[in-house]
Amino acid sequence: VGYKNQTLVSNSEKYDAFYCYFTELGEVTGPVTKTVELKRPFAQLNIITNDHDDAVKSGLNVSQVSVEISEGCDKFNLASGEGIKATAGTKITFGNATKVANDHLAVNYLFTGGEKSLVNVTFAYTDGDLTKGGDASRSMEFAAVPVQRNYRTNIVGSLLTSDGKFNIEVKPGFDGN
């Protein structure tokens, strides 16, 4: 399975999914009970800021966000459980969408290669309503971000008011969801 770059938008829960692939069921001739553990074929990438209120006080009001991934996977093999790396130089773009919340700016679902992968992330955002003179030129880059299938990666920091240190966390199991 894969996604087409031109149709992706940031912050869409419709991309979340679960799957299980197994072959050991065999012939079924009557009632069967089988426990099946579903997992996500995706890593969840969250971009979270802790300085929203300070940004608003300084005149910065984030309205639209987008995320671009390079060195990522654009397909997933359900049988092997492996991500399929995008062609070299291909960027996977999750286009403009309204931010998730004041502090949660972006949530995106990424195919990953095997268990762990490193991707490069470009996060862009608009400052205000573009129809009223907003600025669409703001962006930041994060190199070698670790992502893992069925895990959540959080990029957390004072993203809107300062250049500096960003903490990246990888948390198991989407916090049980």
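**Exercise 1.** Which residues form a nonpolar patch on the surface, and about how much accessible area do they have together?

*Solution.* The structure is a predicted model, and the patch is to be read from it in that light. Begin by locating Phe 18, Phe 22, Leu 25, Val 28, Val 32, Val 36 and Leu 38, which together form the nonpolar patch and have about 580 Å² of accessible area. Next, take one of these residues and place it along the chain: Phe 18 lies in the segment before strand E1, which spans 42-49. Finally, consider its exposure: Phe 18 has a relative accessible area of 44%, and because partly exposed residues lie between the limits of 20% and 50%, it belongs to that class.

**Exercise 2.** Find where Asn 11 and Asn 150 lie, and decide for each whether it is buried or exposed.

*Solution.* Start with Asn 11, which is found in the segment before E1 and has a positive phi, near 60 degrees, in a residue other than glycine. Its relative accessibility is 18%, and since buried means under 20%, Asn 11 counts as buried. Turn then to Asn 150, which sits in the loop between strand E8 (135-148) and strand E9 (151-157). Asn 150 is not a glycine either, yet its phi is positive, at about 70 degrees. With a relative accessible area of 18%, Asn 150 is buried.

**Exercise 3.** Describe the largest nonpolar core, naming the residues with the most contacts inside it and the element that gives the largest share.

*Solution.* The core has 36 residues, and those with the most contacts inside it are Val 67, Ile 69, Phe 94, Val 121 and Phe 123. As a second step, look for the elements that contribute two or more residues, which are E1, strand E2 (62-70), strand E3 (73-77), strand E5 (91-98), strand E6 (104-111), strand E7 (116-127) and E8. Of these, E6 provides the largest share, with 6 residues. To see the surroundings of one core residue, follow Ile 69: when residues up to four places away in sequence are not counted, its contacts include Leu 45, Ile 92, Phe 94, Leu 110, Val 119 and Val 121.

**Exercise 4.** Work out what joins the side chains of Asn 46 and Asn 154, and whether Asn 46 is buried or exposed.

*Solution.* First place Asn 46, which lies in strand E1. Its relative accessibility is 4%, so Asn 46 counts as buried. The side chains of Asn 46 and Asn 154 are joined by a polar contact of 2.8 Å. Leaving aside neighbours within four places in sequence, Asn 46 also touches, among others, Ala 106, Val 107, Arg 152 and Ile 155.

How values were computed
Residues are numbered from 1 along each chain as its sequence is written. This is a predicted model: local features need pLDDT of at least 70, side-chain atom pairs count only at pLDDT 80 or more; totals for chains, interfaces and linings use all residues. Side-chain values use heavy atoms; hydrogens and water are left out. Patches are made of residues with over 30% relative accessible area and no salt bridge: like charges are joined within 9 Å, nonpolar side chains (Val, Leu, Ile, Met, Phe, Trp, Tyr) within 5 Å. Accessible areas come from the Shrake-Rupley method with a 1.4 Å probe; for residues, only the protein chains shown count as cover. A salt bridge is a side-chain nitrogen of Lys or Arg within 4 Å of a carboxyl oxygen of Asp or Glu. Helices (H or I, at least four residues) and strands (E, at least two) are DSSP runs, numbered from the N terminus. Buried means under 20% relative accessible area, exposed over 50%, partly exposed in between (1.4 Å probe, protein chains only). A nonpolar core is a set of buried Ala, Val, Leu, Ile, Met, Phe, Trp, Tyr and Cys residues joined through side-chain atoms within 4.5 Å. Contact means heavy atoms within 4.5 Å. A polar contact is a pair of N or O atoms within 3.5 Å; within protein, one must be able to donate a hydrogen and the other to accept it, and residues adjacent in sequence count only if both atoms are side-chain atoms.
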